[in-house]
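Here are a few short exercises to work through with the structure open beside you. Try each task yourself before you read the solution.

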Amino acid sequence: MRNVLLISSLLAGVVTMGVYAQAPPTPATQKPTPAPAPAPVPTTQKPAGTTPAPRRPPTTTSARSGMAITVTSPQGATLSGVNVAIMGPTERSGETDGSGQVNFPGLQAGTYRLRFTGDKVTAFEKEVIVRAGQISDVDVSLTAAPEPKVIVQAAPALPPGPTTATGPKGQAVTHSIGDLLEKEYVGKQPRRETLLSCSGNERAAMIQLNEALPERLYENADAIYYVLGGEGTLMLNGKEMKLGLNGFASVPRGTSHSFSKRGNRLLVLLSVLSGEPCEEAR
């Protein structure tokens, strides 16, 4: 019996040893591996004792600005003696020379107001922009100043003189100016004069002008003109007077005068002379 118990104890010890031999070892607790430290950022260090060079200001070039002005007439002729005044950042004035030019150098950039004046031209103003470093070319065409109005005064009464001869008595007549103009049309001729009536000391005629009428002067007759068609210019003792359609002019005896047409239309005048004997009765 004691042997059996001994054998049982031995077998139990063998089994126990087998169990311990087969059990896996308990893993040991491992510490976490620390993350690698970030690499240091390289920094650029200035050498000791070194002072940075100062920045140089941008180089500026002197900008030269100005105006070159030319003044002409509407026909393209240069005008001298025209006063030009400029108002703006820089104020100047001067007169155009024989070539119609005046220059203003050394101006500040900006907007200028130009004024043109003179005895022979109509005053005119213009705005000009001058940019830095540029010469502005300004071309201006000025119109002529209007001629002063001519007031024609009646000649003073003359003392009674010798009796003037009287021409033959004519007949009463009537005309249709439109029909007569079609019948007596001047065409391409320089001018044409058609007698309308002639009686005593009065003479009436229709004058058609393509070209200027030569200068006339009646010593003993007064002249009356009426514009039937077109537009014209009356030269009266060297002075111009414009006459439009239905215009009227009275020219006293002894006064030099002539006519010329304006524009492309034919100038048609009704002319009446009184004071001299009519050379042909009609």
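**Exercise 1: pairs around one glutamate**

Arg216 and Glu193 join their side chains in a salt bridge, with 3.0 Å from N to O. (A salt bridge here is a side-chain nitrogen of Lys or Arg within 4 Å of a carboxyl oxygen of Asp or Glu.) Before going on, note that this is a predicted model, where local features need pLDDT of at least 70 and side-chain atom pairs count only at pLDDT 80 or more, while totals for chains, interfaces and linings use all residues. Residues are numbered from 1 along each chain as its sequence is written, and side-chain values use heavy atoms, leaving out hydrogens and water.

*Task:* Find where Arg216 and Glu193 sit, then look for another partner of Glu193.

*Solution.* Step one: Arg216 is in the loop between β9 and β10 (222-229), and Glu193 is in strand β8, so to speak 23 residues away, which makes this a link between distant parts of the chain. Strands and helices are DSSP runs numbered from the N terminus, with at least two residues (E) for a strand and at least four (H or I) for a helix.

Step two: Arg203 also forms a salt bridge with Glu193, and their closest N and O atoms are 3.1 Å apart. Arg203 belongs to strand β9 (residues 202-209) and Glu193 to strand β8 (residues 191-199), so this pair ties together parts that are 10 residues apart in sequence.

Step three: Glu193 is partly exposed, at a relative accessible area of 34%. (Buried means under 20%, exposed over 50%, partly exposed in between, with a 1.4 Å probe and protein chains only.)

**Exercise 2: buried or exposed?**

*Task:* Glu184 and Arg192 meet in a salt bridge; how does each count for accessibility?

*Solution.* Start with the pair itself: N to O comes to 2.7 Å. Next, Glu184 has 17% relative accessibility and counts as buried. Arg192, at 29%, is partly exposed. By the salt-bridge rule, the count comes to 6.

**Exercise 3: lay out a sheet**

*Task:* Work out the order of the strands in the open sheet of 4 strands, and say which strands stand at the edges.

*Solution.* First, the pairing rule: two strands pair if DSSP finds at least two bridges between them. Strand β2 (residues 83-87) runs antiparallel to β3, with 4 bridges joining them. On to β5 (residues 110-117), which is antiparallel to β2 and joined to it by 5 bridges. Val84 helps you see both pairings: its bridge partner in β3 is Gly94, and in β5 it is Phe116.

Then add β6, which is antiparallel to β5, with 7 bridges between them. A hairpin of 6 residues connects β5 to β6, and Arg115 stands opposite Glu125 in β6.

Put together, the order is β3-β2-β5-β6. The edges are β3 (92-95) and β6 (124-130); each has a single partner strand, so one side of each has no neighbour in the sheet.

**Exercise 4: the whole protein**

*Task:* How many helices and strands are there, and what share of the residues is buried?

*Solution.* Count the secondary structure and you get 2 helices and 15 strands. Then take accessibility: 27% of the 282 residues count as buried.
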